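Follow the chain below with an eye to its helices and to how they pack against one another.

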Amino acid sequence: MARLPAGIRFLVSFSRDQWYKAFIFILTFLLYASFHLSRKPISIVKGVLHRYCAAVNDDEVRFDGQSQKASDSPPHRLPDNETDCGWAPFGQDNYQQLLGALDYSFLCAYAVGMYLSGIIGERLPIRYYLTFGMLASGAFTALFGLGYFYDIHSFGFYVVTQVVNGLVQTTGWPSVVTCLGNWFGKGRRGLIMGVWNSHTSVGNILGSLIAGYWASTCWGLSFIVPGAIVAAMGIVCFLFLVEHPKDVACSSTPVAHSRSCENGVHRFRLQKQASPAQYRVNGFYLFS
């Protein structure tokens with residue numbers, strides 16, 4: 001019989017439980033990385049929502065060689081949905097307060113929603129709850145970008161969008177952490193969470209690249225594209241996320257090791273079992 005190829009030997013060296021754990025690890029990593037991806041555009045697009053106004057006066061017109069004709073020609077007009085200082089209402093003098101309000105409206109909603117999300121998430125199936133949160137987050141992230149295409153200049157529209165988006169984004173963390181806890185238990189928790197938490201950097205990097213690509217030409221797509229990615233990952237979550245190992249007849253802990261193996265407890269228990277049997281009679285211990 002021919003020897004199996006090295007790749008096949010590598011694949012069969014892992015058990016069914018290990019393959020499921022690796023799949024859940026990668027899936028939850030990508031799911032929460034997409035949440036971070038959708039949060040990044042606002043920090044990239046701020047420079048477009050408010051541009052530093054160039055000094056544009058009637059007597060400061062750029063001439064192209066014919067000064068007399070340039071003075072008679074009408075001034076350059078920007079598109080109807082833009083101004084010299086950026087996107088209204090963020091082109092005003094109080095733009096810093098307005099842009100700051102977008103940030104703390106999201107953060108306040110996220111902080112409040114995190115308390116509620118943990119309570120609600122424990123009472124609902126993780127897969128359904130996380131899918132709803134990702135679809136809703138994708139919708140409201142894209143809704144912010146639709147303000148560019150529909151020429152929306154209402155400050156309240158953008159604040160409400162940020163508030164609702166902050167609330168629905170809180171569905172992510174409790175759900176994925178609970179799912180990881182179900183699959184990996186307490187063993188090697190530090191290593192697992194340390195590697196898994198790199199999703200923050202991965203999501204921020206991808207979000208910055210996507211938002212930066214569209215920011216200077218069509219900033220609305222800087223929100224719509226990440227929103228579509230989050231919504232698509234929500235569908236993937238609904239189709240593939242397994243909440244608990246028992247749902248696919250897997251074990252959350254290695255078969256060869258139990259919880260009592262941690263910190264030398266198992267060794268102590270073996271020694272205790274090997275010692276003579278002891279009995280307590282009238283407050284005294286008797287050994288057999």
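Helices here are DSSP runs of H or I with at least four residues, numbered from the N terminus. The model is a predicted one.

The UniProt record, an unreviewed entry, gives the feature "transmembrane region" for several spans, among them residues 20-37, 98-116, 196-215 and 221-242. Residues 20-37 are 100% helix and 0% strand, and the C-alpha atoms at the two ends are 26 Å apart. In residues 221-242 the helix share is 91% and the strand share 0%, with 32 Å between the end C-alpha atoms.

Two packed helices are described by the angle between their axes and by the distance between those axes.

Take helix 3 (residues 41-49) and helix 5 (residues 95-121) to begin with: their axes cross at roughly 165° and come within 11 Å. Angles over 145 degrees count as roughly antiparallel, so helix 3 is roughly antiparallel to helix 5. Their crossing is right-handed. On the helix 3 side the contact involves Ile42, Lys46 and Leu49, and on the helix 5 side Leu99, Leu102 and Asp103. By class, this contact has 4 nonpolar residues, 2 charged ones and no polar ones.

Further along the chain, helix 10 (residues 199-215) packs with helix 11 (residues 221-240) at an angle of about 145°, and the axes are 8 Å apart. This crossing is right-handed. Helix 10 contributes Ile210, Ala211, Trp214 and Ala215 to the contact, while helix 11 contributes Leu221, Ser222, Val225, Pro226 and Ile229. The contact of helix 10 with helix 11 has 8 nonpolar residues and 1 polar residue, with no charged residues.

How values were computed. Residues numbered from 1 in each chain as written. Predicted model: local features only at pLDDT ≥ 70, side-chain atom pairs only at ≥ 80, totals over all residues. Heavy atoms only, no water. UniProt positions renumbered as here; feature names shortened; annotations may be inferred. Axes fitted to C-alpha atoms, helices over the stretch in contact; angles between N-to-C directions. Left-handed = near helix turned anticlockwise from the far one by under 90°. Contact = heavy atoms within 4.5 Å. Nonpolar A, V, L, I, M, F, W, Y, C, P; charged D, E, K, R; others polar. Parallel < 35°, antiparallel > 145°, perpendicular 65-115°, else oblique.
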